[in-house]
Amino acid sequence: MDSSTTVSAELGLRLVVPDRTAVPLLAGLEYAADDPYAIRMAFYVGDDEPVEWIFARELLTVGIVRRVGDGDVEVWPAAPDDDTSLNIALSSPFGNALFEVPLSPLADFLHRTYQAVPAGQESEFIDIDAELENLLWPS
């Protein structure tokens with residue numbers, strides 16, 4: 001694969017609000033081989049600009065089987081008897097949010113990212129010279 005490869009998907013997920021009801025919303029997922037460790041998730045809330053979060057691909061992958069994450073992002077299986085959804089908790093200075101994510105389409109998306117850039121080969125897709133140049137001489 002070349003470093004210009006991208007993988008994208010849309011997910012219907014639910015925002016869990018304090019009284020435990022769930023509000024449906026749409027999220028767009030994007031993975032780019034030239035940024036092989038990251039997955040971008042844009043949450044579409046009403047007519048406003050989407051709210052974008054960046055996740056480590058490994059965080060979402062490990063979160064399918066066990067609780068993982070620290071600080072701003074935590075991911076874990078919904079429940080032992082529920083293999084259809086995943087929980088993602090986000091926190092920021094502006095508030096906290098808990099999302100229920102359908103597992104099957106997320107797992108399919110992650111599978112396609114690993115087809116684009118296999119686990120352990122991420123560093124082969126990064127242009128180290130360009131990254132260093134950006135760090136040393138920002139434009």
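Rings of Phe, Tyr and Trp (for Trp, its six-membered ring) form an aromatic pair if their centres lie within 6.5 Å.

**Figure 1. The aromatic pair of the predicted model joins strands β3 and β8****.** The structure, a predicted model, holds 1 aromatic pair. Its members are Phe-43 and Phe-99, whose rings are stacked, with 4.5 Å from centre to centre and 15° between the planes. The pair links distant parts of the chain: Phe-43 belongs to strand β3 (residues 38–44) and Phe-99 to strand β8 (residues 95–102), 56 residues apart. Phe-43 is buried, with a relative accessible area of 4%, and Phe-99 is buried as well, at 6%.

**Figure 2. Overview of the protein chain, with 3 helices and 8 strands****.** Read from the N terminus, the elements follow the order β-β-β-β-α-β-β-β-β-α-α. Of the 139 residues in the protein chain, 34% are buried. Among contacts with a separation of 6 or more, 36% are between residues 24 or more positions apart. The protein chain exposes about 8,700 Å², and carbon and sulfur atoms supply 52% of this area.

**Figure 3. The largest nonpolar core comprises 29 residues****.** The residues with the most contacts inside this core are Leu-13, Phe-43, Phe-55, Val-75, Ile-88, Leu-90 and Val-101. Leu-90 touches Phe-43 and Phe-99, the two residues of the aromatic pair. Beyond four places in sequence, Leu-90 also touches Trp-53, Phe-55, Asp-72, Val-73, Gly-95, Asn-96 and Ala-97.

**Figure 4. Arg-57 of helix α1 lies over the face of Tyr-114****.** Helix α1 spans residues 57–63 and includes Arg-57. The distance from Arg-57 to the ring centre of Tyr-114 is 3.8 Å. Arg-57 counts as buried because its relative accessibility, 2%, is under 20%. Leaving aside residues up to four places away in sequence, Arg-57 touches Tyr-31, Pro-36, Tyr-37, Ala-38 and Ile-39, and also Leu-110, Thr-113, Tyr-114, Val-117, Pro-118, Ala-119 and Glu-122.

**Figure 5. Arg-67 lies over the face of Trp-76****.** In this view, Arg-67 is 3.9 Å from the ring centre of Trp-76.

**Figure 6. Thr-5 is buried in the segment before strand β1****.** Strand β1 covers residues 6–16, and Thr-5 has its place in the segment before this strand. Thr-5 counts as buried because its relative accessible area of 17% is under 20%. Apart from neighbours within four places in sequence, Thr-5 is in contact with Tyr-31, Ala-32, Ala-33 and Ala-116. Of these, Tyr-31 is also touched by Arg-57.

**Figure 7. Pro-105 of helix α2 and Leu-11 are 7.0 Å apart in space****.** This distance runs from C-alpha to C-alpha, whereas in sequence Pro-105 and Leu-11 are 94 residues apart. Pro-105 is partly exposed because its relative accessibility, 36%, falls between 20% and 50%.

**Figure 8. Confidence of the prediction in helices α2 and α3****.** Averaged over the protein chain, the pLDDT is 85, and 86% of the residues score at least 70. Among the elements, helix α2 (residues 103–116) has the highest mean pLDDT, 94, and helix α3 (residues 128–136) the lowest, 66. Where pLDDT is low, the predicted coordinates should not be read in detail.

Notes. Residues numbered from 1 in each chain as written. Predicted model: local features only at pLDDT ≥ 70, side-chain atom pairs only at ≥ 80, totals over all residues. Heavy atoms only, no water. Helix = DSSP H or I, 4+ residues; strand = E, 2+ residues; numbered from the N terminus. Buried < 20%, exposed > 50% of the residue type's maximum accessible area, 1.4 Å probe, protein only. Contact = heavy atoms within 4.5 Å. Areas by Shrake-Rupley, 256 points an atom, 1.4 Å probe, with all protein chains shown as cover. pLDDT = per-residue confidence, 0-100. Core = buried A, V, L, I, M, F, W, Y, C linked by side-chain atoms within 4.5 Å. Phe/Tyr/Trp six-rings, centres within 6.5 Å; stacked < 30°, edge-to-face > 60°. Lys NZ or Arg CZ within 6 Å of the ring centre and 35° of its normal.
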